[in-house]
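Subject: Structure for you, with notes

Hello,

Here is the structure I said I would pass on. Please open it alongside this email.

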Amino acid sequence: MQTQFVLDDVVTVIGPDGVADPATDPKLPGETVVKLFKHMLLTRQLDERLVLLQRQGRIGFHIGSLGEEACILGPAAALGDDDWLWPCYREFGALLLRGMPMQTYLDNMYGNANDAVKGRQMPDHYSGRPYKFGSVSSPIGTQITQAVGFSWAAKMKGDKSVSLVFFGEGATSSSEFHNGMNFAGVYKTPTVFL
Ligand SMILES: Cc1ncc(C[n+]2csc(CCOP(=O)(O)OP(=O)(O)O)c2C)c(N)n1
C-alpha cells in the first residue's frame, strides 16, 4: 500500500507540478536566487571533494551536508548582517556564504600553519568572528546553549542581533537542548532554533 503524506501544515512554494505558488513565493530578486543556487552547487561540489580527500587520508575528517544545502543556505541568507550563526557541524556552506574565503576554510580543514584557530580546535571545527559564525563544537548540542547565552547577552546589551542555531534531531536528546529551550523561554531570548 502506498503511504499517503498529508502536507496540510507544511508551507511549500514549489508544488508537485514544479510550479511556484504565487501566494508563498518570497519573490527574491533574480540575483539573490542565482547567488544562492551557485552556493548550493559550490557546497555540493566541495562536499564531494572533501569526502574524497578524507578517504585518501589527506584530511582528518569531514562532516558533509549532502541534501541539506538549501536548509543550510536558505536560513543563513534570510538573516541580517548583524545576526549570528551557531553551527552544528554541517554548515560550512553558510560560512562561505557569509564570506569566509575558501582558502581560510581549507586551512582549517587541513589544520595547517595558516589555520585561523591555531590548533585550539580540531580541523573541521571552523569558526570566524568576522563572519559572525560561532565555532563548531564536538559534543552534540553544545551550540544550543551557546546560541541562547549569546542572544540573551545581546538582548541585555540592547543589540538587535538574533542568533540562529543549527542542530540535528539527535541533539534534542541532549541536556543542552532542554536547558537552551528553557532559558530561551524564560528570558525570551532572540534565538532561532533550527
Ligand atoms: C555528547 C556527544 N555524544 C555523542 C557524540 C557522537 N556523535 C557525533 S554526531 C552524532 C549524531 C548526531 O545526530 P543528530 O543530532 O541527529 O545530527 P545529524 O548528524 O543527524 O545531522 C553523534 C552521536 C558526540 N559528538 N557528542
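Below are notes on the aromatic pairs, one helix and the ligand surroundings.

Please keep in mind that this is a predicted model.

Aromatic pairs

A search of the whole structure turns up 10 aromatic pairs. One of them joins Trp86 and Phe150, with ring centres 5.1 Å apart and 55° between the planes. That geometry is classed as tilted. Trp86 sits in strand S1, residues 84-86. Phe150 sits in helix H5, residues 142-157. The two are 64 residues apart, so the pair links distant parts of the chain. How accessible is each partner? Trp86 is buried, at 8% relative accessible area. Phe150 is partly exposed, at 30%.

H5 also carries Trp152, which pairs with Tyr187 of helix H6, residues 175-187. Their ring centres are 4.2 Å apart and the planes meet at 20°, so this pair is stacked. The two residues are 35 apart in the chain, and this pair too is one that links distant parts. Trp152 counts as partly exposed, with 24% relative accessibility. Tyr187 is also partly exposed, with 37%.

There is an aromatic cluster as well. It consists of Phe92, Tyr105, Tyr126 and Phe133.

Helix H6

H6 has 13 residues. From first C-alpha to last, H6 reaches 18 Å, close to the 18 Å expected at 1.5 Å a residue. Which residues of H6 are buried? They are Phe177, Gly180 and Ala184. Viewed down the helix axis, the buried residues fall within an arc of 70°, so they line one face of H6. The elements that cover them include H5 and strand S3, residues 191-193. Just after H6, Lys188 takes a positive phi of about 50°.

Ligand surroundings

Which residues surround the ligand? The list runs Tyr89, Arg90, Ser138, Pro139, Ile140, Gly168, Glu169, Gly170 and Ala171.

Three backbone contacts may interest you:

- Ser138: a polar backbone atom is 3.0 Å from a nitrogen atom of the ligand.
- Ile140: a backbone N or O atom lies 3.0 Å from a nitrogen atom of the ligand.
- Ala171: a polar backbone atom is 3.0 Å from an oxygen atom of the ligand.

Where to look first

For the aromatic pairs, start at H5, which holds both Phe150 and Trp152. For H6, start with its buried residues, Phe177, Gly180 and Ala184. For the ligand, start with the backbone of Ser138.

Best wishes

Conventions: Residues numbered from 1 in each chain as written. Predicted model: local features only at pLDDT ≥ 70, side-chain atom pairs only at ≥ 80, totals over all residues. Heavy atoms only, no water. Phe/Tyr/Trp six-rings, centres within 6.5 Å; stacked < 30°, edge-to-face > 60°. Helix = DSSP H or I, 4+ residues; strand = E, 2+ residues; numbered from the N terminus. Buried < 20%, exposed > 50% of the residue type's maximum accessible area, 1.4 Å probe, protein only. Expected span 1.5 Å × (residues − 1). Arc of directions from axis to C-beta. Contact = heavy atoms within 4.5 Å. Near = heavy atom within 4 Å. Polar contact = N/O pair within 3.5 Å; in protein donor to acceptor, adjacent residues only side chain to side chain.
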